[in-house]
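This briefing goes through selected features of one protein chain, grouped by topic for reading beside the coordinates. Please keep the sequence and the model in view while working through the points.

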Amino acid sequence: MSTTQEAAAARNIVLVHGGFVDGSGWRGVYDALRADGYRVSVVQNPTLSLEGDVAVTKRVLDAQDGPTVLVGHSYGGAVISEAGNHENVSALVYVAAFAPDKGESVNTLIADPPPGAPVPPILPPVDGFLFLDRERFAASFAGDLPAADAEFLADSQVPWGLDALGGAVSQPAWRTKPSYYLVATDDRMIPPPAQRAMAERAGATVAETGGSHAVYVSKPAEVAAFIGKAATGTTA
């Protein structure tokens, strides 16, 4: 998608969380966007399967009354890449997120990490679900959060289904709609070089910020400001 193509002005924002967490992590971003006058909805995708999460997201999009910016963090990027084909979506925002192409899944994107990249401490699946090692959660996912906040995230993990990890995107919306990508340069879940490569492939308007994978929690004002650029179609 050419970065010169502008998105339609949007007053609606839909936020989609990633794996291992729920939508409550968006609270700071939600508050900042609401303060700027946006109508904000948070999707509580169950992360059982990509197909199911796309369906949940589309139901939220159905309820929007006009152009909408669709935002995804981490695995949520796979969700918005598919759900973003919805007619109400004017732009996509990836926040330290996966941006799969046609036929790709999170599983295929993480199969060949860059040399020397940290490996997320994902435990072996149990009954078809994945968790992060609690003791290594903070360092990998939330290195810039207060210890107590990181511990809470580790202890409130949402089971991530193998069908979500392996669900392949059939029609990536970033091929037809403006996309934006915020790279978290201290991310130890999705290596920053991989984030930059996906952003470049998508022709996204890119910004970078120092932050962990949980940058949407640790830097809500900055993330909200970046989403605001997508809402106004700003590419500079």
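How much space lies in the largest pocket? The model is a predicted one, and in it the largest pocket holds about 420 Å³ of space. Its lining is made up of 26 residues, and the closest of these to the pocket centre are Phe98, Ile110, Pro120, Met189 and Pro191. The points below take up the two pockets, then strand 7 with its pairing partners, and finally two buried valines, Val183 and Val16.

**The largest pocket**

- Two elements, helix 4 (106-109) and helix 8 (192-201), each give two or more residues to the lining of the largest pocket, and the largest share, four residues, comes from helix 8.
- Sorted by class, the lining of the largest pocket comprises 21 nonpolar, three polar and two charged residues.

**The second largest pocket**

- The second largest pocket encloses about 180 Å³ of space, and its lining consists of Val21, Asp22, Ser24, Gly25, Leu145, Asp149, Phe152, Leu153, Ser156, Tyr216 and Val217.
- Helix 6 (147-155) and helix 9 (215-218) are the elements that give two or more residues to the lining of the second largest pocket, with helix 6 giving the most, three residues.
- By class, six nonpolar, three polar and two charged residues form the lining of the second largest pocket.

**Strand 7 and its partners**

- Strand 7, which covers residues 179-184, is largely enclosed by the rest of the structure, because six of its six residues are buried.
- Ser179, Tyr181 and Val183 point one way from strand 7, while Tyr180, Leu182 and Ala184 point the other way, and the residues of both sets are all buried.
- Strand 4 (residues 89-95) pairs with strand 7 in the parallel sense over four bridges, and within this part of the structure Val95 has Leu182 of strand 7 as its bridge partner.
- Strand 8 (residues 205-209) also pairs with strand 7 in the parallel sense, here over five bridges, and Tyr180 stands opposite Thr205 of strand 8.
- Between strand 7 and strand 8 the chain passes through helix 8, and the resulting β-α-β crossover is right-handed; helix 8 is also the element that supplies four residues to the lining of the largest pocket.

**Val183, a buried residue of strand 7**

- Val183 lies in strand 7 and has a relative accessibility of 0%, so this residue counts as buried, the cut-off being under 20%.
- Apart from neighbours within four places in sequence, Val183 is in contact with Pro192, Gln195, Arg196, Val206, Ala207, Glu208 and Thr209.
- For one of these contacts, Arg196, the separation along the chain is 13 residues, and the C-alpha atoms of Val183 and Arg196 are 6.9 Å apart.

**Val16, a buried residue of strand 1**

- Val16 belongs to strand 1 (residues 12-16), and its relative accessible area of 0% is why this residue is classed as buried.
- When residues up to four places away in sequence are not counted, Val16 touches Trp26, Val43, Asn45, Thr57, Leu70, Val71, Gly72, His73, Gly76, Val79 and Ile80.
- Val16 and Tyr94 are 78 residues apart along the chain, and their C-alpha atoms are separated by 9.9 Å.

Note on methods: Residues numbered from 1 in each chain as written. Predicted model: local features only at pLDDT ≥ 70, side-chain atom pairs only at ≥ 80, totals over all residues. Heavy atoms only, no water. Buried < 20%, exposed > 50% of the residue type's maximum accessible area, 1.4 Å probe, protein only. Contact = heavy atoms within 4.5 Å. 1 Å grid on protein atoms, 1.4 Å probe; cavity = no way out; pocket = protein on both sides within 12 Å on 5 of 7 lines; lining within 4 Å. Points joined across faces, edges and corners; volume = space filled by probe spheres on them. Nonpolar A, V, L, I, M, F, W, Y, C, P; charged D, E, K, R; others polar. Pairing = 2+ DSSP bridges. Right-handed = clockwise from strand over helix to strand, strands pointing away.
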